[in-house]
Number of protein chains: 2
Amino acid sequence: MGITSADVARESGVSRTTVSYVLTGRDGVHISEETRRRVRETAVRLGYAPSAAARALRTGRSDLVLCILPDWPVGPVIETLLDELADELSGRGLSVLVHHGRGQRSLTDLWRAVTPRAVIGFAPFAEEDLHAMRQAGIQVLGTRGEEHQPDPALPSETQLEIGALQVRHLAARGRRRLGYAWPADPRLEVFARDRLLGVRRACAALGLPDPVVLPVALDAPAAATSVRRWRGQGVDAVAAYNDDVALAVLAGLRAEGLSCPEDCGVVGVDDIPAARLAAPPLTTVSQSIELQARFLAALVLADLDGSAEKPGHPGHGLHLVERESA
Amino acid sequence: MGITSADVARESGVSRTTVSYVLTGRDGVHISEETRRRVRETAVRLGYAPSAAARALRTGRSDLVLCILPDWPVGPVIETLLDELADELSGRGLSVLVHHGRGQRSLTDLWRAVTPRAVIGFAPFAEEDLHAMRQAGIQVLGTRGEEHQPDPALPSETQLEIGALQVRHLAARGRRRLGYAWPADPRLEVFARDRLLGVRRACAALGLPDPVVLPVALDAPAAATSVRRWRGQGVDAVAAYNDDVALAVLAGLRAEGLSCPEDCGVVGVDDIPAARLAAPPLTTVSQSIELQARFLAALVLADLDGSAEKPGHPGHGLHLVERESA
DNA sequence: CTGAAAGCGCTTACAG
DNA sequence: CTGAAAGCGCTTACAG
């Protein structure tokens with residue numbers, strides 16, 4: 001490499017110990033302001049940056065937060081979440097690193113390679129990975145900030161609530177017979193399952209018939225086929241897995257010569273940029289990403305500071321953006 | 001941590017040297033097949049994973065490839081590129097880690113923390129960062145695979161070609177007076193500048209008047225304003241910075257009661273999922289991401305293998321997806 | 001207030 | 001064919 005702490009020590013006329021104390025900002029040891037200043041100045045002048053590998057080896061810790069993304073297309077919402085999270089944490093000297101879950105390399109190799117302070121999983125971990133990371137003193141968090149691995153069989157409260165919000169809005173607009181637009185991409189099933197369950201439960205709670213579930217591929221002809229089948233069963237509104245799928249339903253409606261919202265209402269999820277630009281503008285469920293990001297960041301920082309009380313969960317942060325499609 | 005190479009050595013009845021030789025697969029040293037088998041078996045049984053920090057400290061290298069994203073919303077195209085890249089490289093034991101460029105933490109801290117094998121920048125680096133990384137033996141690549149830092153003042157050939165493709169298509173369809181839909185997000189200016197330059201040059205080459213450049217925000221009313229001004233100047237087709245902006249132009253056209261493509265043609269860039277679902281389906285310029293990803297991966301691997309000849313540049317990999325909007 | 005020394009876990013010449 | 005030993009650069013009790 002280049003400059004080491006020994007270089008800085010020699011140039012400043014002090015020991016490496018002193019350099020380390022000054023640069024890591026340990027207040028316990030008393031070092032004259034004059035010495036501190038000199039060491040810092042020398043470090044800057046030489047362009048010294050401590051070797052993270054050495055520091056990690058010594059302390060068993062780094063200043064990195066590792067986010068593990070799943071194997072599916074995450075979309076703009078997660079992207080924004082990651083950006084916000086990076087913002088929140090960078091103020092405290094932590095860097096966010098993202099791993100796109102593809103690739104055969106095992107998770108173990110990855111976290112051992114990075115020695116992160118915390119790992120945030122956007123999909124469930126294998127039980128053994130989870131155990132090994134905890135063992136190594138790494139803080140492991142789920143997307144929703146759960147400290148403990150949720151039972152993967154248990155539905156996510158947030159996903160349930162998303163589906164419920166779609167149904168409640170549609171029902172309040174007088175829609176009675178609902179369709180559910182299921183994503184064609186099989187990797188999205190994990191989330192789709194929970195959202196659909198939320199839709200089902202809300203329908204039951206409101207006395208509506210069970211929704212007609214149909215897969216919808218992301219092109220107009222395929223969507224038109226689903227639309228025809230829905231119409232055949234008297235469906236007057238569709239809750240879609242997300243905005244992309246909702247846009248496809250809109251295109252299918254158009255292809256069939258049907259008008260939205262008159263003939264059929266449509267609600268999406270995510271509020272992507274294209275949603276407000278659709279014809280008609282798409283009504284959709286939006287998640288408050290800032291809220292989510294701040295909560296995740298607070299959780300990481302609370303652990304960093306060793307503070308006992310964890311920040312409270314901020315709630316789902318969901319709200320319905322009402323436009324013209326429903 | 002947990003298990004170290006010393007544990008594996010003791011359990012296998014050999015020295016740490018032997019463990020290291022077996023596990024890193026050095027063929028130079030002759031070790032009996034029997035011993036190799038025993039060491040490997042023990043390692044697996046104990047769940048041994050070498051400490052990357054120690055290895056990095058010792059060798060000055062890791063198995064990580066660091067991708068530095070810029071401060072702007074990257075969108076689905078870059079996301080796909082990263083996924084593909086991760087796929088290509090994971091076969092060779094390299095992991096791709098992505099850093100979203102926000103945050104005040106300096107790039108120096110980051111690459112020293114990760115000790116990556118290679119760094120791929122999706123936006124230009126500062127001259128001093130570039131120098132320091134090279135100094136540390138890190139391979140530094142640009143998005144287009146340039147080994148050498150391109151002059152930031154020089155326009156990107158690919159971006160120029162994107163703009164040119166848009167114009168050539170529009171001109172071939174008989175459009176004469178072009179508008180350019182400039183993105184409202186200032187962070188996108190770096191790319192927008194080059195794409196616009198490509199549009200300008202192509203217009204000049206084809207004997208068309210210079211395009212009318214107008215900023216377009218991502219909502220219908222704002223876009224409608226721009227559309228009105230374009231129409232006032234006789235514009236009969238618009239080349240948009242990307243698909244999101246093109247979708248906004250489409251919405252603006254609708255709001256003004258104009259029809260597309262009859263009254264005004266529109267061409268986007270990226271071919272996002274929403275493009276084919278738009279009304280009318282959006283004609284757009286698509287980049288061959290697989291090509292790009294494979295090239296980048298090949299470059300990294302060539303360096304890894306110390307092979308002298310670099311893989312040839314695969315070309316822009318651009319093509320026009322013709323739908324109904326132009 | 002400051003320095004000498006140990007040790008984090010690994011790889012790799014160098015001896016046997 | 002295998003082992004003892006050095007050293008990567010840092011932090012941190014422990015002496016002075």
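Two strands are said to pair if DSSP finds at least two bridges between them. Strands (E, at least two residues) and helices (H or I, at least four) are DSSP runs, numbered from the N terminus.

The structure is a predicted model, in which local features need pLDDT of at least 70 and side-chain atom pairs count only at pLDDT 80 or more, while totals for chains, interfaces and linings use all residues. Residues are numbered from 1 along each chain as its sequence is written, and chains are lettered from A and ligands numbered from 1 in the order in which they are written.

**Exercise 1. Describe the open sheet of chain B, including the partner of Gly268(B).**

Step 1. The bridge partner of Gly268(B) is Thr284(B), in β9(B). Strands β8 (265-269) and β9 (283-287) of chain B pair in the parallel sense, over three bridges.

Step 2. The open sheet has six strands, in the order β6-β5-β7-β8-β9-β10 (chain B), and its pairing is mixed. At its edges lie β6 (212-216) and β10 (318-321) of chain B, each of which pairs on one side only. From one strand to the next, the twist averages 25°.

Step 3. Helix α10 (220-232) of chain B lies across β5 (178-183), β6 and β7 (237-240) of chain B, and runs at about 170° to β6(B). Axes here are lines fitted to C-alpha atoms, for helices over the stretch in contact, and angles run from 0 to 180 degrees between N-to-C directions.

**Exercise 2. Classify the packing of α1(B) with α2(B) and of α5(B) with α13(B).**

Step 1. Angles under 35 degrees count as roughly parallel, over 145 as roughly antiparallel, 65 to 115 as roughly perpendicular and the rest as oblique.

Step 2. The axes of α1(B) and α2(B) are 8 Å apart, and the packing angle is about 105°. α1(B) is therefore roughly perpendicular to α2(B). Residues are in contact if their C-beta atoms, placed from the backbone, lie within 7 Å. In α1(B), Ser5(B), Ala6(B), Val8(B), Ala9(B) and Ser12(B) meet Arg16(B), Val19(B) and Ser20(B) of α2(B).

Step 3. Helices α5 (75-90) and α13 (289-304) of chain B have axes that come within 8 Å and cross at roughly 45°. The two helices α5(B) and α13(B) are therefore oblique to each other. Among the residues of α5(B) that meet α13(B) are Val77(B), Leu81(B) and Leu85(B). The contact of α5(B) with α13(B) has nine nonpolar, two polar and four charged residues, where Ala, Val, Leu, Ile, Met, Phe, Trp, Tyr, Cys and Pro count as nonpolar, Asp, Glu, Lys and Arg as charged, and the others, Gly among them, as polar.

**Exercise 3. Characterise the surface near DNA strand C and the side of chain A that touches chain B.**

Step 1. DNA strand C is surrounded by 28 residues, the closest being Ser15(A), His30(A), Thr4(B), Ser5(B) and Ala54(B). A residue is near a strand if its C-beta atom, placed from the backbone, lies within 6 Å of it.

Step 2. With five residues, α4(B) gives the most to this surface. The surface near DNA strand C has ten nonpolar, 13 polar and five charged residues.

Step 3. Between the chains, 54 residues of chain A are in contact with 54 residues of chain B. The largest share of the side of chain A that touches chain B comes from α5(A), with seven residues. By class, this side of chain A has 28 nonpolar, 14 polar and twelve charged residues.

Note on methods: Contact = placed C-beta atoms within 7 Å.
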